[in-house]
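Here's a quick tour for anyone meeting this structure for the first time. Have a look at the sequence and the 3D view, then read on.

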Amino acid sequence: MEKKFNYQINDREVIITRPFEAAHTNVWEAFTDSRILDQWWAPKPWSCHTKSQEFKINGRWLYYMEGPNGERHYSYFDYKSIDPQNSFSGMDGFCDENGNITEDQMTSEWKINFSSDKGICTMKATCIYPDEETKKSFLDTGFLEGFETGLNQLEELLKR
């Protein structure tokens, strides 16, 4: 199998691909069902906790990542399109514990696609930022390293 975590950085985009030796439906569910997302989304020693999720167009996933010292960082994902088993897209960003977004909090648009071939399901996430400065701010938070760690955790989960 190819290198597991690949990414490309453009002006306002970060494109990440990650193959999994797993059934397509299992990978899809791992990205769309909060009960599974909570098991892998946050890079350890952090943990992910869903407050609410409506996986539907105009629905929202509201969650927080909790650090080892009890600190919490709240985020949301607003679903804009869903093509079952193939792709979904939406807006992602930081918010308060009630899902309120303030002007100074960063956002990005995500397009996540899934394809399968010979028992390998490949996830491709395209993250689009409003400008290059916001993209750099996201990257400076350790976004790539954290997402790679989470995807590695997902791989272990899919093996069980």
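What follows goes from the whole chain down to single residues.

## The big picture

First things first: this is a predicted model. The protein chain is built from four helices and eight strands. Walk along the sequence and you meet them in the order β-β-α-α-β-β-β-β-β-β-α-α.

How does the chain's radius of gyration fit with a compact globule? For 160 residues, such a globule would come out near 15 Å, and the protein chain has 15 Å, so the two agree. If you drew a box around the C-alpha atoms along the principal axes, it would be roughly 45 × 35 × 30 Å.

## Inside, outside and charge

Of the 160 residues in the protein chain, 42% are buried. The chain exposes about 8600 Å², and carbon and sulfur atoms supply 46% of that area.

Now for what touches what. Take the contacts with a separation of 6 or more: 47% of them are between residues 24 or more positions apart. As for charge, the protein chain has 18 positive and 27 negative charges, and the mean positions of the two sets are 5 Å apart.

## Helix 4

Helix 4 covers residues 143-159. Its 17 residues, at 1.5 Å each, should span 24 Å, and the end C-alpha atoms are indeed 24 Å apart, so expectation and model agree.

Which residues of helix 4 are buried? The list runs Phe143, Leu144, Gly146, Phe147, Gly150, Leu151, Gln153, Leu154, Glu155, Leu157 and Leu158. One of them, glutamate 155, can be paired with glutamine 8 for a sense of scale: they sit 147 residues apart in sequence and 21 Å apart in space, C-alpha to C-alpha.

## Glutamine 8 and aspartate 78

Glutamine 8 belongs to strand 1, which spans residues 6-9. Its relative accessible area is 44%, so it counts as partly exposed. Leave out residues up to four places away in sequence, and glutamine 8 touches Glu13, Val14 and Ile15.

Aspartate 78 sits in strand 5, residues 72-83. Is this residue buried or exposed? With a relative accessible area of 15%, aspartate 78 falls under the 20% cut-off, so it is buried. Setting aside neighbours within four places in sequence, its contacts are Gly59, Arg60, Ser89, Gly90 and Met91.

## Glutamate 71 and threonine 107

Glutamate 71 is in the loop that runs between strand 4 (60-66) and strand 5. It is partly exposed, at a relative accessible area of 28%. Not counting residues up to four places away, glutamate 71 touches Trp46, Met65 and Glu66. The C-alpha atoms of glutamate 71 and tryptophan 46 are 9.4 Å apart, with their positions 25 residues apart in sequence.

Threonine 107 is part of strand 7. Its relative accessibility is 21%, so it counts as partly exposed. Beyond its neighbours within four places, threonine 107 is in contact with Tyr76, Met91, Asp92, Gly93, Tyr129, Pro130, Thr134 and Phe138. Thr134 is 27 residues away along the chain, and its C-alpha atom is separated from that of threonine 107 by 8.0 Å.

## Some backbone oddities

Most residues other than glycine have a negative phi, and most peptide bonds are trans. With that in mind, a few spots in the backbone deserve a look.

Where is there a cis peptide bond? One joins lysine 44 and proline 45, with omega at about 15°. Proline 45 lies in the loop between helix 2 (34-40) and strand 3 (47-53).

Then there are positive phi values. Asparagine 58 isn't a glycine, yet its phi is near 70°. This residue is in the loop between strand 3 and strand 4, and its 64% relative accessibility makes it exposed. Lysine 118 also has a positive phi, about 50°, without being a glycine. Lysine 118 is found in the loop between strand 7 (107-117) and strand 8 (120-128), and at 78% relative accessibility it counts as exposed.

Conventions
Residues are numbered from 1 along each chain as its sequence is written. This is a predicted model: local features need pLDDT of at least 70, side-chain atom pairs count only at pLDDT 80 or more; totals for chains, interfaces and linings use all residues. Side-chain values use heavy atoms; hydrogens and water are left out. Helices (H or I, at least four residues) and strands (E, at least two) are DSSP runs, numbered from the N terminus. The radius of gyration is taken over C-alpha atoms; the globule rule is 2.2 Å times the number of residues to the power 0.38. Buried means under 20% relative accessible area, exposed over 50%, partly exposed in between (1.4 Å probe, protein chains only). Contact means heavy atoms within 4.5 Å. Accessible areas come from the Shrake-Rupley method with a 1.4 Å probe; for residues, only the protein chains shown count as cover. Lys and Arg count as positive and Asp and Glu as negative; His and the chain ends are not counted. The place of a charge is taken as NZ of Lys, CZ of Arg, CG of Asp or CD of Glu. The expected span of a helix is 1.5 Å times one less than its number of residues.
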